[in-house]
Amino acid sequence: MRLAIVILNWNGADLLKKYLPSVLAYSGGAEIYVIDNASTDNSLSVLKEEFPNVGVVLNDSNYGFAGGYNTGLKSIEADCYCLLNSDVAVTENWLEPILKGFASMPEATILQPKILDLKNKAYFEYAGAAGGFIDKLGYPFCRGRIFQALEEDMGQYDDIHEIFWATGACMFIKSAAFWSLNGFDTDYFAHQEEVDLCWRAKNNGHKVFYIGKSKVYHLGGSTLSNMNPKKTFLNFRNSLYSITKNLPRRKAFLIIFLRLILDGIAATRFLLQLKPRHFWAVFRAHISFYANFSKIYRKREKANFILKYYLVTSIVWAHFVHQVKNFNILVKD
């Protein structure tokens with residue numbers, strides 16, 4: 001399998017200096033590329049002077065995460081892409097379990113390693129942890145991370161497990177499948193586009209797996225922190241986009257109605273927490289969703305919509321009412 005490790009960069013010169021060396025040191029046999037989203041810092045000079053063996057693809061504008069990869073990957077030939085954030089430190093032999101996974105599971109299209117927190121290495125990291133799921137109302141969560149509650153890595157997820165979505169922080173995807181799915185949806189710009197991609201993949205019969213014997217460390221929040229109102233806007237809006245596109249129509253409309261109510265409650269909670277910018281972000285997310293609804297609705301694909309895609313009815317109820325913070329307890333309940 002010809003593997004290309006592809007890092008998307010925008011004004012991340014310092015991150016490239018810090019984390020690209022580990023990728024070069026521990027990724028023998030893979031081709032390594034950086035797609036640059038029209039950076040205005042010294043990223044290109046850093047790549048040229050310090051990493052001359054890394055392939056560089058230049059995008060003519062900042063197309064965000066989704067459009068940046070879609071545009072740049074057109075110039076990269078490989079059997080499989082590893083889409084890797086610029087703030088990820090990889091570990092020795094991280095690729096071996098992934099390649100074995102693809103070899104032993106021909107039905108696997110997308111794989112994800114264990115994602116640990118670079119700032120606190122004993123714990124899982126927010127973006128992906130030990131593999132992603134969603135609840136019946138379309139809220140994403142992970143093994144090892146439910147909302148802001150992160151589990152300590154005690155080896156409880158050192159397995160191979162089918163999951164619903166793999167994180168864009170470190171996603172391995174067969175190139176033929178990526179292009180057959182038309183890549184990421186560029187209307188998302190950033191955040192939750194990987195959930196949508198995996199959802200569309202599963203609707204088309206592909207499988208997504210987590211490989212616990214491969215691990216990487218993710219800094220997180222390098223572009224937008226979890227507390228940034230812009231990220232709140234993108235997460236609330238893009239989640240509604242995914243529900244609109246990927247569920248049978250009647251089910252999608254019912255869930256959207258319920259989500260709009262719950263989003264209103266979340267916005268009120270932000271206001272009570274004296275976070276007016278996040279309250280406004282939720283409001284703007286709804287306005288953007290309404291404005292783009294027709295466009296997003298037309299993207300619904302003629303696929304066999306999967307009907308049982310969730311493990312729990314409401315992760316919001318489980319976490320905020322019953323105080324569930326551990327995935328294994330959640331599943332047992």
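A crossing of two helices is called right-handed if the near helix is turned clockwise from the far one by less than a right angle, and left-handed if anticlockwise. I jot that down to begin with, since I look up two helix pairs below. I also remind myself that this is a predicted model.

**Entry 1: α1 against α2**

I started with α1 (13–26) and helix α2, residues 43–50. Their crossing is right-handed. The two pack at an angle of about 30 degrees, and their axes are 8 Å apart. Angles under 35 degrees count as roughly parallel, and I therefore note α1 and α2 as roughly parallel to each other.

Which residues of α1 and α2 meet? On the α1 side I found A13, L16, K17 and L20, and on the α2 side S43, V46, L47 and E50. Sorted by class, this contact has five nonpolar residues, one polar and two charged.

**Entry 2: S27, just past α1**

Next I followed the chain out of α1. S27 sits in the loop that runs between α1 and β2 (31–36). Is S27 buried or exposed? I get a relative accessible area of 3% for S27, and under 20% counts as buried, so S27 is buried. I then looked for its partners, skipping neighbours within four places in sequence, and S27 turned out to be in contact with I5, I32, W94 and L95.

**Entry 3: α4 and its two sides**

L95 took me to helix α4, which covers residues 95–104. L95 is buried there, and P97, I98, G101 and F102 are buried too. Looking down the axis of α4, I see these buried residues fall within an arc of 165 degrees, so they line one face of the helix.

What covers the buried residues of α4? The cover includes the strands β1 (3–9), β4 (80–84), β6 (108–117), β12 (170–174) and β13 (207–218), and α1 is part of it as well. On the face turned away from the buried side I found K100, A103 and S104, which are exposed.

**Entry 4: S75, a stop in a loop**

I made a short stop at S75, in the loop between α3 (64–72) and β4. S75 has a relative accessibility of 53%, so it counts as exposed. I also checked the spacing to L58: the two are 17 residues apart along the chain, and their C-alpha atoms are separated by 9.6 Å.

**Entry 5: the loop between α5 and α6**

I spent a while on the loop between α5 (175–180) and α6 (193–203), where N182 has its place. N182 is not a glycine, although its phi is positive, at about 65 degrees. With 58% relative accessibility, N182 counts as exposed.

H191 is in this loop as well, between α5 and α6. What is the phi of H191? I read a value near 80 degrees, again positive in a residue other than glycine.

A190 belongs to the loop between α5 and α6 too. Its relative accessible area is 12%, so I wrote A190 down as buried. Leaving out residues up to four places away in sequence, A190 touches F65, L234 and N238. I also took the C-alpha distance from A190 to I134, which is 18 Å, for a pair 56 residues apart in sequence.

**Entry 6: α6 against α7**

After the loop comes α6, and I looked at how it packs with helix α7, residues 229–246. The angle is about 15 degrees and the axes are 10 Å apart. I therefore note α6 and α7 as roughly parallel to each other, with a right-handed crossing.

D196, W199, R200 and N203 in α6 meet S242, I243, K245 and N246 in α7. How many residues of each class does the contact of α6 with α7 have? I count two nonpolar, three polar and three charged.

**Entry 7: Y241 in α7**

My last look-up was Y241, which is part of helix α7. Y241 has a relative accessibility of 1%, so it counts as buried. What is Y241 in contact with, leaving aside its neighbours within four places in sequence? I listed D187, Y188, S288, F289, N292 and I296. Finally I checked Y241 against Q192: the pair is 49 residues apart in sequence, and 9.6 Å apart in space from C-alpha to C-alpha.

Notes. Residues numbered from 1 in each chain as written. Predicted model: local features only at pLDDT ≥ 70, side-chain atom pairs only at ≥ 80, totals over all residues. Heavy atoms only, no water. Helix = DSSP H or I, 4+ residues; strand = E, 2+ residues; numbered from the N terminus. Buried < 20%, exposed > 50% of the residue type's maximum accessible area, 1.4 Å probe, protein only. Contact = heavy atoms within 4.5 Å. Axes fitted to C-alpha atoms, helices over the stretch in contact; angles between N-to-C directions. Parallel < 35°, antiparallel > 145°, perpendicular 65-115°, else oblique. Nonpolar A, V, L, I, M, F, W, Y, C, P; charged D, E, K, R; others polar. Arc of directions from axis to C-beta.
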